[in-house]
Amino acid sequence: MASKSKLRFFNTLSRKVEDFVPINEEEVGVYTCGPTVYSRAHIGNLKAYVFADVLRRTLEYAGYNVKHVMNITDVGHLTSDADEGEDKLQKSARLERITAWDVAKKYTDMFLQDAKELNMLPVHVLCRATDHIPEQIRLVERLEENGFTYVISDGVYFDTSRFPDYPKFARLNVEGLEAGKRIDMGEKKNKTDFALWKFSRPEEKRDMEWDSPWGRGFPGWHIECSAMSMKYLGETFDIHTGGIDHISVHHTNEIAQSECGTGKKFVNYWLHSEFLVLSDQEKMSKSLGNVIDLDTIKKKGFSPMAFRYTCLNAQYSKRLLFGEKILKTAAITFSKLKEKVIELKEQLKGGSAGQTQVSEMDLGSAGKKYLLEFKESLFDDLNTPEALATMWTMLRDDSVPANEKYALLVDFDKVLGLGIKDMEREELVIPQDVMDLLEERENARKQSDWVQADKLRDEITSMGYRIVDGSGGPRLEKV
Ligand code: AMP
Ligand code: ZN
């Protein structure tokens with residue numbers, strides 16, 4: 001068996017950085033809470049999935065086989081996390097005048113396209129909640145058999161008072177919660193109780209509903225992740241990921257229902273990614289009209305890879321400050337990297353540019369040192385900014401021969417996923433709106449309207465392009 005490198009992760013369970021010890025050396029199981037497909041994923045969501053992709057790639061880089069499972073939430077996620085409000089998919093269906101099934105398909109396809117453009121490796125199992133209704137019903141039955149459930153008028157609920165460890169994961173102060181702000185509990189026994197199965201309301205016309213032993217309805221949001229992760233990875237598995245917002249409700253509930261269903265520990269390592277925050281505002285939200293998705297980024301002339309690079313610039317557990325300036329800086333750095341890669345390729349043409357396997361034995365002492373540093377950074381809780389810094393120091397070091405530089409870059413890219421091997425000098429594909437502005441500027445110049453021409457030039461620059469006025473007319477370059 002090939003030897004594996006030692007990895008360390010910050011485990012939310014212990015709030016400590018721990019050595020990673022897999023259950024089974026042959027295969028590591030990773031479950032990622034995937035998107036709720038009621039609207040297009042925004043760049044905050046995408047940051048969370050870039051992290052999951054880097055985690056999977058790092059495990060593979062360290063020598064493990066990985067089984068990466070991600071769910072698609074296509075039913076049951078209500079507009080309020082407190083099991084109230086409308087099903088997010090039904091709401092979009094109503095607003096878009098299509099069925100919830102069509103909403104799910106539309107946004108799942110968009111998400112998969114975004115994931116592809118961001119060079120995320122396809123997960124080994126992509127599972128939809130609606131394809132796993134019997135598994136979810138079975139888990140609720142097990143909980144019922146073990147005495148953890150009760151039925152009220154709107155559904156079957158998990159009784160959190162029956163699970164004394166409930167507050168442990170999120171370090172919740174349940175008494176404080178109980179005594180604190182008044183939350184309308186309805187018929188629930190405890191504030192933290194949550195729905196396992198919701199009944200369809202008679203007045204509601206749902207596109208998605210199923211029969212169950214308790215009545216017609218649909219699963220609560222949390223149960224899908226327990227049922228599907230255990231189906232594909234076993235009742236106890238290695239790593240579970242999600243955003244930090246999942247700690248206090250979604251993952252706390254996943255642990256409760258899984259451990260009370262099986263009587264076993266659910267997950268050994270919980271890894272949570274911090275939020276992406278806008279540098280000029282607090283929150284991205286539809287009501288503020290400031291939601292940024294991958295299309296917004298592309299329309300401004302930036303490549304999806306520039307966004308991936310931005311994500312790698314911050315460790316997953318740190319907040320990622322995002323804004324146009326930050327994206328532009330990352331895009332410039334990324335294009336410098338590309339330039340460097342192309343230069344190396346041209347230098348090595350006919351030589352060893354095809355060599356992509358790095359063996360420590362073939363490297364000189366400086367190359368060896370950089371390889372080691374790169375691995376140390378990544379294996380220490382996925383410190384991608386430090387790994388990138390090592391990459392740049394290596395590139396600037398004249399004592400490292402070009403063939404080693406290229407081979408190291410290709411090796412690093414197994415984790416970074418920036419597409420090093422495919423980087424070629426390319427025809428610039430310029431967005432239509434930038435081309436239109438260029439034409440407008442030409443017209444302004446022809447009419448000697450220099451003020452307008454300068455204004456249009458500035459606008460083009462702000463979109464990430466520089467006008468180079470050559471003898472053959474103006475052409476555009478990436479800033
Ligand atoms: P959702 O589709 O709402 O279930 O969210 C999908 C994932 O995106 C979850 O892991 C969330 O924690 C994560 N997420 C949501 N908003 C942000 C944000 N602004 N920054 C980073 N991650 C986020
Ligand atoms: Zn989940």
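Below, a trainee and a mentor chat about a ligand shell and two helix pairs in a predicted model.

Trainee: Any ground rules on numbering and confidence? What needs pLDDT of at least 70?
Mentor: Residues count from 1 along each chain as its sequence is written, chains are lettered from A and ligands numbered from 1 in the order in which they are written. It's a predicted model, where local features need pLDDT of at least 70, side-chain atom pairs count only at pLDDT 80 or more, and totals for chains, interfaces and linings use all residues, while side-chain values use heavy atoms, with hydrogens and water left out.

Trainee: OK, which residues surround ligand 1?
Mentor: Pro35, Thr36, His42, Gly44, Asn45, Tyr49, Gly243, Asp245, His246, Glu274, Phe275 and Leu276, with near meaning a heavy atom within 4 Å.

Trainee: And which helix gives the largest share of that shell?
Mentor: Helix 1 (residues 43–61), with three residues; helices are DSSP runs of H or I, at least four residues, numbered from the N terminus.

Trainee: What polar atoms sit by the ligand's nitrogens and oxygens?
Mentor: A backbone N or O atom of Gly44 is 3.0 Å from a ligand nitrogen, and a polar side-chain atom of Asn45 is 2.9 Å from a ligand oxygen. A polar backbone atom of Leu276 also lies 2.8 Å from a nitrogen of ligand 1. The cut-off for such a polar contact is a pair of N or O atoms within 3.5 Å.

Trainee: How much of ligand 1 does the protein bury?
Mentor: 89% of the 490 Å² that ligand 1 exposes when taken alone, by Shrake-Rupley with a 1.4 Å probe.

Trainee: Switching to helices: at what angle do helix 4 and helix 6 pack?
Mentor: About 100°, with the axes 9 Å apart; axes are lines fitted to C-alpha atoms over the stretch in contact, and angles run from 0 to 180 degrees between N-to-C directions. So helix 4 and helix 6 are roughly perpendicular, a label for 65 to 115 degrees.

Trainee: How do helix 12 and helix 13 cross?
Mentor: At roughly 170°, their axes coming within 11 Å, so they're roughly antiparallel, meaning over 145 degrees.

Definitions and conventions:
A polar contact is a pair of N or O atoms within 3.5 Å; within protein, one must be able to donate a hydrogen and the other to accept it, and residues adjacent in sequence count only if both atoms are side-chain atoms. Helices (H or I, at least four residues) and strands (E, at least two) are DSSP runs, numbered from the N terminus. Angles under 35 degrees count as roughly parallel, over 145 as roughly antiparallel, 65 to 115 as roughly perpendicular and the rest as oblique.
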